[in-house]
Amino acid sequence: MASLKNIVGGELKGYTELLQDARQEALNRMIDQAKQLGANAVVNVRFSTSSVAQGAAELYVYGTAVRLG
Amino acid sequence: MFDSISIVIFGVLFIVGYLAGTINEKRHYKSIKKREEKLLSLPAISMKRLESSDGITKSELVSESVVVSIDYFKRALAILKVLIGGSVGPYESLIDRARREAVLRMKESAPGAAIIINVRVETSTIGNAANSKGAVGSVEALAYGTAVWK
């Protein structure tokens with residue numbers, strides 16, 4: 001499907017969904033980590049992507065865990 | 001014999017890529033412009049904070065992304081461009097489309113918001129370099145920020 005789209009161009013919906021799922025997973029892990037640290041909010045969140053190997057990408061989410069209140 | 005077949009295949013892909021890619025891009029730009037006009041009332045700015053925090057009812061992280069692929073014709077054109085140097089036009093429009101689409105989707109994911117602050121746009125290539133053989137020539141654009149409701 002992706003190779004067909006490579007001929008005609010346009011959005012690769014499968015890839016969009018795949019990356020969104022992966023990013024959500026990274027976000028969830030960050031939130032879990034923040035909870036473990038006793039935080040109740042994460043501020044200044046940044047997303048970053050890097051291609052690790054052929055056909056694989058790393059989705060990296062980081063921020064500052066804080067306790068408000 | 002074998003060579004003439006591969007030339008024919010290249011020619012067919014070249015033409016199909018040109019026609020479908022051009023139609024695709026025109027349609028995409030039309031939709032982008034229409035939606036941008038519709039969402040003008042929701043500004044997305046890169047500033048970190050608002051002047052005052054009065055009346056804010058809710059704020060939330062919003063992020064949306066899109067992966068756009070280049071077509072066969074543009075890729076062939078880009079390879080030629082790399083040989084002679086200069087700005088690579090075919091890629092510029094591809095990345096422009098991806099970024100604007102990502103920002104639009106981010107705005108659409110925050111219905112009723114007054115403003116989106118601290119917006120960042122991130123671009124990355126998926127898979128291999130876009131002009132290498134057999135690789136998926138595509139870019140991902142991710143837009144994220146803090147949506148503020150007033």
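Helices here are DSSP runs of H or I with at least four residues, numbered from the N terminus. With that in hand, let's work through this predicted model.

**Exercise 1. Place A22(A) in its helix and decide whether A22(A) is buried, partly exposed or exposed.**

Solution.
- Step 1: Find the element. A22(A) sits in helix α2 of chain A, which covers residues 13-36.
- Step 2: Take the relative accessibility, which is 29% for A22(A).
- Step 3: Compare with the cut-offs: buried is under 20%, exposed is over 50%, and partly exposed lies in between. A22(A) is therefore partly exposed.
- Step 4: Look along the chain. E58(A) is 36 residues away from A22(A) in sequence, and their C-alpha atoms are 8.6 Å apart.

**Exercise 2. Work out the strand order of the open sheet, and find which strands are at its edges.**

Solution.
- Step 1: Read across the four strands. The order is β1(A)-β1(B)-β3(B)-β2(B), with antiparallel pairing.
- Step 2: Look for strands that pair on one side only. These edge strands are β1 (10-11) of chain A and β2 (115-126) of chain B.
- Step 3: Recall how such pairing is made: strands of a sheet pair through backbone hydrogen bonds.

**Exercise 3. Trace the bridges that β3(B) makes with β1(B) and β2(B).**

Solution.
- Step 1: Start with β1 (residues 58-69) and β3 (residues 138-149) of chain B, which are joined in antiparallel fashion by twelve bridges.
- Step 2: Check individual partners. S59(B) is bridged to V148(B), while S69(B) is bridged to S138(B).
- Step 3: Turn to β2(B), which pairs with β3(B) over ten bridges, again antiparallel. Here I115(B) has V148(B) as its bridge partner.
- Step 4: Ask how covered β3(B) is. Eleven of its twelve residues are buried, so β3(B) is largely enclosed by the rest of the structure.

**Exercise 4. Find what α2(A) lies across, and at what angle to β1(B).**

Solution.
- Step 1: List the strands. α2(A) lies across β1 of chain A and β1, β2 and β3 of chain B.
- Step 2: Give the direction. α2(A) runs at about 145 degrees to β1(B).
- Step 3: Add helix α3 (residues 89-108) of chain B, which packs on the sheet and touches β1 of chain A as well as β1, β2 and β3 of chain B. Its direction makes about 150 degrees with that of β1(B).

**Exercise 5. Locate L80(B) and describe the surface patch it belongs to.**

Solution.
- Step 1: L80(B) lies in helix α2 (residues 72-84) of chain B.
- Step 2: L80(B) has a relative accessible area of 52%, so it counts as exposed.
- Step 3: Together with L77(B), L83(B) and I84(B), L80(B) forms a nonpolar surface patch of about 450 Å² accessible area.

Note on methods
Residues numbered from 1 in each chain as written. Chains lettered and ligands numbered in written order. Predicted model: local features only at pLDDT ≥ 70, side-chain atom pairs only at ≥ 80, totals over all residues. Heavy atoms only, no water. Patch = residues over 30% accessible without salt bridge, like charges linked within 9 Å, V, L, I, M, F, W, Y side chains within 5 Å. Areas by Shrake-Rupley, 256 points an atom, 1.4 Å probe, with all protein chains shown as cover. Salt bridge = Lys/Arg side-chain N within 4 Å of Asp/Glu carboxyl O. Helix = DSSP H or I, 4+ residues; strand = E, 2+ residues; numbered from the N terminus. Buried < 20%, exposed > 50% of the residue type's maximum accessible area, 1.4 Å probe, protein only. Pairing = 2+ DSSP bridges. Contact = heavy atoms within 4.5 Å. Axes fitted to C-alpha atoms, helices over the stretch in contact; angles between N-to-C directions.
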